[in-house]
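Trainee: I have a structure open and would like to learn how to read its features one at a time. Could you walk me through it?

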Amino acid sequence: MPTSSAQTSEKPKSSANGVAKRPSELLTKEQCLELFQHLYLARYFDVRLIKEKKRGRLRGTLYSSHNQEAVIVGSIYGLQPNDWISPIHRDMPMFFLKDARNGLRNPNRMGMTIEEICAQVWCKAGSPGRARDNWSHIGSQSKHIIHSTSMLAGTIPAAAGVALADKINGVNNVVLTFNGEGSTAQGVFHEAINFAAVRKLPVVTVVENNMWAYGTPVELECPTEDVADRAKGYGIPGFVANGQDVFDVYDKVMEAVEWARAGNGPSIVECKTFRAYGHGDHDDDRAAKYRDPKEVAQGRANDPIAVCRKRLIDLGYLTGDAATQYVAENKGAGEVTNEDFPPEVVEYMNEGIEFAMNSPLPEAEEGGMWVFKE
Amino acid sequence: MAVAQQVGTVKKNYLQALNEALREEMARNEDLLLLGEDIGILGGAFGVTEGLQEEFGGHRVYDMPISEAAIVGVAVGAALNGKTVMAEMQFIDFISCGFDQIVNMMATYHYRTAGEVNIPVVVRGPAGGYGGGALYHSQMNEAWFCHSPGLKVVCPSTPYDAKGLMKAALRDGNPVIFYEIKELYRLNSIAEELPEEDYTVPLGKAAIRRSGKDLTFVTYGNNVYHCLEAAEVLFKEHGIDAEVIDIRSLVPLDEETIYTSLGKTNRVVVVNEAPMTCGFAGEIVARITNNAFDLLDAPPLRVTRLDTPVPWAKPLESFVLPGVDKIVAAGLRVARF
């Protein structure tokens, strides 16, 4: 995986120049272990939902984030509580991992609860959007999470608008938008980043390059070697991260975030990863045919949990039994069991699911409500 | 520029009324932003925003790149973060370039968040034909947005209404698509004195422009004037006394005023300058037949643009757009049914 920084005309001070430490090198042992736990939380959320879906308990399409957890976890871990994010379909764990450093069970943190997210997935009234739009199409104005639509790259203009309002108000928040490599071909991707660059707005566009836009490979979507090369056209930095390595994602995104917070404007951070399954669960069988099994095996070879575990062992943060317990990596959703995860991770998800199961369905008449603000 | 007040008169034209509305709302609401192409340094292609950047600053009035989707999307994001936004489409024809952001992002935001998020954004722009603007500077595409739940749609025909509806739209809290009739911008014959004090014209309230007892014209925008002219012809030449209702708001629609009028006249012609098929004139006719069928003594008729683009040369343009003659003919048909 290329991990070099494809910086362009305006170069941020490189963090890899041998002088300054990389942001991840400043993380404490506790923080590194917390990142590891967040990977487990993200993975367990996904595999548990895959199982629930196969049991017929969920409605709609599941867009698995399996094998892409390092992007989800590493990109938001270093944000300030009031920073904004706009997750997309494959980023669902982000909703409850935002500002998780202030405590997953802290009601005042700037993130959503696992109960809210599970109620959303279960189509229940306890969902923050009362199950009006599906799966990842939720958010929270008060928690600074922009709600997405199915029109990919469609939240980048909103991200720029949020950033513009903050800038006018003298508030120094950064806005992270998430996009697949496929949606970088959208016209609105260009329009929004162009505007953000013109006005030097603190918008970081994270591109989760999982090599496949539904059934189309990246080389048919993007003509440049790296998707991050698109940044050159806007005179902004483009970074490339190893999307399997939570620390590398953290480093590149933090560099972009600090660049933005310092008033230098937007940037693009491409995280190279690989989509483990189909585009959605409806596509798993076909994806097994349109993708070369060798490519799939290679793409999944660097499981982000395994990569993180190795790093933590090297750092001496995981030793003895702790280094070899809860081996959730390199296992498909059908193979992995609850015993492969730390019990507190399973418990957290169980609590969310219990809330969802007990939450009522929305009342039918709500379908006609809230078209307009009265 | 025409925005400057003419010496010796306090009458304001449609354009000046809009400029005043924006200026007064900018002063009233410090969270109001203006976004659009050429609206700051230049003051707008037509001058609707003239002087506003000078007065309120570049942090309130933004010259945007030629990016309608970004203009709308940025407006939505700013609204999500506490701002009220006027987003100008340089011509309403260009609104199609921002269509997804309007109908999928902006229109649905309140709905999909179960009322958590309000999007106080007014997307406004010069609209309509009769000026030789040809295909891409003559459109009335309001039906697209009437057909997208979550958007209010208004179209003033007088300076008083232009100012009052703009102020109401900017205070409404919902996304509003605001159709300005560019052929009326500088039409001196409709210039009028405007109240000194602050006022609004409520969305969803029609105005009766001419009282009559024999038939009802339901219309909006530039065709208000064509209907008034047709009513005079019908009265003078045929002794037919037509009522003219200017609906002003399409969404929400003031149906009561229409049905009250039909209770008196029992005959109706709906006139607008959009294409007929799936147009808003058809929607008005459908509601009348559903809700007021008993009041009708004749089939409701529509006079609209032909189902064609708006062509350039004058004879072609006149051929496809509604005009006084076509409206008179339709009035005679329903009156004599």
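**Reading the model together**

Mentor: Gladly! Start with helix α5 of chain A: its buried residues are A:Ile156, A:Pro157, A:Ala158, A:Ala159, A:Ala160, A:Gly161, A:Val162, A:Ala163, A:Leu164, A:Ala165 and A:Asp166. Buried means under 20% relative accessible area, exposed over 50%, and partly exposed in between, with a 1.4 Å probe and protein chains only. This is a predicted model, where local features need pLDDT of at least 70 and side-chain atom pairs count only at pLDDT 80 or more, while totals for chains, interfaces and linings use all residues. Residues are numbered from 1 along each chain as its sequence is written, chains are lettered from A and ligands numbered from 1 in the order in which they are written, and side-chain values use heavy atoms, without hydrogens and water.

Trainee: How many of the 13 residues of α5(A) are buried?

Mentor: Eleven, so to speak of a mostly covered helix is fair. Helices (H or I, at least four residues) and strands (E, at least two) are DSSP runs, numbered from the N terminus.

Trainee: What span should the 13 residues of α5(A) have?

Mentor: The expected span is 1.5 Å times one less than the number of residues. For residues 156-168 of chain A that gives 18 Å, and the end C-alpha atoms are 18 Å apart, which agrees. Just after this helix, A:Gly170 has a positive phi of about 70 degrees.

Trainee: Now sheets, please. What is the strand order in the open sheet of chain B?

Mentor: In general, strands of a sheet pair through backbone hydrogen bonds, either parallel or antiparallel. Here two strands pair if DSSP finds at least two bridges between them. The five strands run β9-β11-β10-β13-β14 in chain B, with mixed pairing. β9 (207-210) and β14 (301-305) of chain B are at the edges with a single partner strand each, so one side of each lacks a neighbour in the sheet. From one strand to the next, the twist averages 25 degrees. Axes are lines fitted to C-alpha atoms, for helices over the stretch in contact, and angles run from 0 to 180 degrees between N-to-C directions.

Trainee: Which helix packs on the sheet?

Mentor: Helix α12 (residues 324-335) of chain B, which touches β10 (215-219), β13 and β14 of chain B. Contact means heavy atoms within 4.5 Å. The direction of α12 makes about 170 degrees with that of β14(B).

Trainee: How many disulfides does a search of the whole structure find?

Mentor: A disulfide is a covalent bond between the sulfur atoms of two cysteines. The cut-off is a pair of cysteine sulfur atoms within 2.5 Å, and the search finds zero over all chains. The sulfur of A:Cys222 is 15 Å from the closest cysteine sulfur, in A:Cys271, too far for a bond. For B:Cys155, the closest cysteine sulfur is in B:Cys146, 10 Å away, again too far. B:Cys155 is buried at 1% relative accessible area.

Trainee: And what do A:Glu366 and A:Arg130 form?

Mentor: Side chains of opposite charge can pair when their charged atoms come close. A salt bridge is a side-chain nitrogen of Lys or Arg within 4 Å of a carboxyl oxygen of Asp or Glu. A:Glu366 and A:Arg130 meet in one (2.9 Å, N to O). A:Glu366 lies in the segment after α11 (343-358) of chain A and A:Arg130 in the loop between α4 (114-121) and α5, so the pair ties together parts 236 residues apart in sequence. A:Glu366 is buried at 8%, whereas A:Arg130 is partly exposed at 28%.
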